[in-house]
Amino acid sequence: MNATPLPGKALAKLIQEKARADAKDLGEAGQRPTLAVVVATDDGSTHWYVRSIERAAESAGIACRIVDLGPDATEQVLITVLSDLSAEPSVNGIILQTPLPPGVRVDELVGHIAPEKDIDGANPLSLGLLAVGRPAFAPATARAVIEMIDHFEIPVAGRSVVVVGRSAVVGKPLALLLLQRDATVTVCHSRSGPLENYTKAADVVVVAAGRPGLLTGDHVSNRSVVIDVGTNVLPDGSLTGDADETSVNAVAAALSPVPGGVGSVTTSLLLLHTTIAAREQSHALVTGSLR
Ligand code: NAP
């Protein structure tokens, strides 16, 4: 059996079109949505990724301001920049790009991104709001998995979903979003023991561990839908997911590809989150209300 592929590109395009339409509406009302990306590294692949966000934003009519502080930026400089961007009315969305310079603590920085501009759900307040079901931006990758589930009409309510990975940027927020969809969620991590004890009986498996080939055909059943969040760069520079494509393809019902799956949806969601933030901020300015 060959698993049904779950490509993300068409969905990414739909989301990007929505962001472009939103940006056009906002522009006609005199507001150009603006995304700020803070970078503090000389890592080439990070700069390549940031430029790809910039190109996507500009093609959607969103201004993208790259704030490149260089690889020697201190924690204090980063805090000041994030606080200033948070206070600046013309900036609607803020992304803090990792990796950061050695010794800079990401946990100390993300709390300085205003929650209403935290379009990649990095501030712990955003995760807290999500946990209690209040409006907040979820990390774009976690939201991208939910968009894939909706787009491909994968049932999750009342079904068993296993999330492999418990990071604050993917696994945990995704588990919260899946609970909101009435899924029965199990979160596995490096101390969970044999994964197949959980994954084999699951209807949906989302793997987000950053371990190439972690999930194999032996871990899934013929009714498993597998969504692969893993983005691993191999020594030859190519990208691979956390699922072993050949063996999972031979057993599972469906599998999202890497590249061309969740990752492509993630970038377009950053744009859509920016236009949503811009709309809500302009509404708050008019009404004087906070979210
Ligand atoms: P992370 O912070 O390193 O977290 C990895 C998680 O996987 C941890 O919870 C870890 O468990 C768990 N894990 C590691 N080895 C495991 C094993 N053998 N069995 C079970 N669980 C295991 O990584 P992350 O930032 O969440 O990213 C995860 C993957 O998603 C990476 O490949 C990353 O590149 C990718 N990613 C993709 C996108 C996208 O847009 N597509 C965006 C963000 C991240 P412990 O907690 O016990 O250590």
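Two strands count as paired here if DSSP finds at least two bridges between them, and strands (E, at least two residues) and helices (H or I, at least four) are DSSP runs, numbered from the N terminus. Everything below comes from a predicted model, in which local features need pLDDT of at least 70, side-chain atom pairs count only at pLDDT 80 or more, and totals for chains, interfaces and linings use all residues. Residues are numbered from 1 along each chain as its sequence is written, and side-chain values use heavy atoms, with hydrogens and water left out.

**View 1. Val225 and Ala254 link two strands of a six-stranded sheet.** Val225 has Ala254, in β11, as its bridge partner. Their strands, β8 (residues 225-228) and β11 (residues 254-255), pair in the parallel sense over 2 bridges. Step back a little and the open sheet of 6 strands reads β1-β11-β8-β7-β5-β6, with parallel pairing. At its edges are β1 (4-5) and β6 (184-188), each pairing on one side only.

**View 2. An open sheet of 3 strands follows the order β3-β2-β4.** Pairing here is parallel. β3 (63-68) and β4 (93-96) are the edge strands with a single partner each, so one side of each has no neighbour in the sheet. On average, neighbouring strands are turned by 20° against each other, direction ignored (axes are lines fitted to C-alpha atoms, for helices over the stretch in contact, and angles run from 0 to 180 degrees between N-to-C directions). For a closer look, follow β2 (residues 34-39), joined to the parallel strand β4 by 4 bridges; Leu35 has Gly93 of β4 as its bridge partner.

**View 3. Helix α2 lies across β2, β3 and β4.** This helix spans residues 44-59 and runs at about 160° to β3. Contact means heavy atoms within 4.5 Å.

**View 4. The ligand sits among 20 surrounding residues.** A residue is near the ligand if one of its heavy atoms lies within 4 Å of it. The closest are Thr141, Arg166, Ser167, Ser190 and Thr231. By class, the shell holds 7 nonpolar, 11 polar and 2 charged residues (Ala, Val, Leu, Ile, Met, Phe, Trp, Tyr, Cys and Pro count as nonpolar, Asp, Glu, Lys and Arg as charged, and the others, Gly among them, as polar).

**View 5. Side chains of Thr141, Asn232 and Arg211 approach ligand atoms.** A polar side-chain atom of Thr141 is 3.3 Å from a ligand oxygen, and one of Asn232 is 3.5 Å from a ligand oxygen. For Arg211, a side-chain N or O atom lies 3.4 Å from a ligand nitrogen. Polar contacts with the ligand are pairs of N or O atoms within 3.5 Å.

Technical notes: A polar contact is a pair of N or O atoms within 3.5 Å; within protein, one must be able to donate a hydrogen and the other to accept it, and residues adjacent in sequence count only if both atoms are side-chain atoms.
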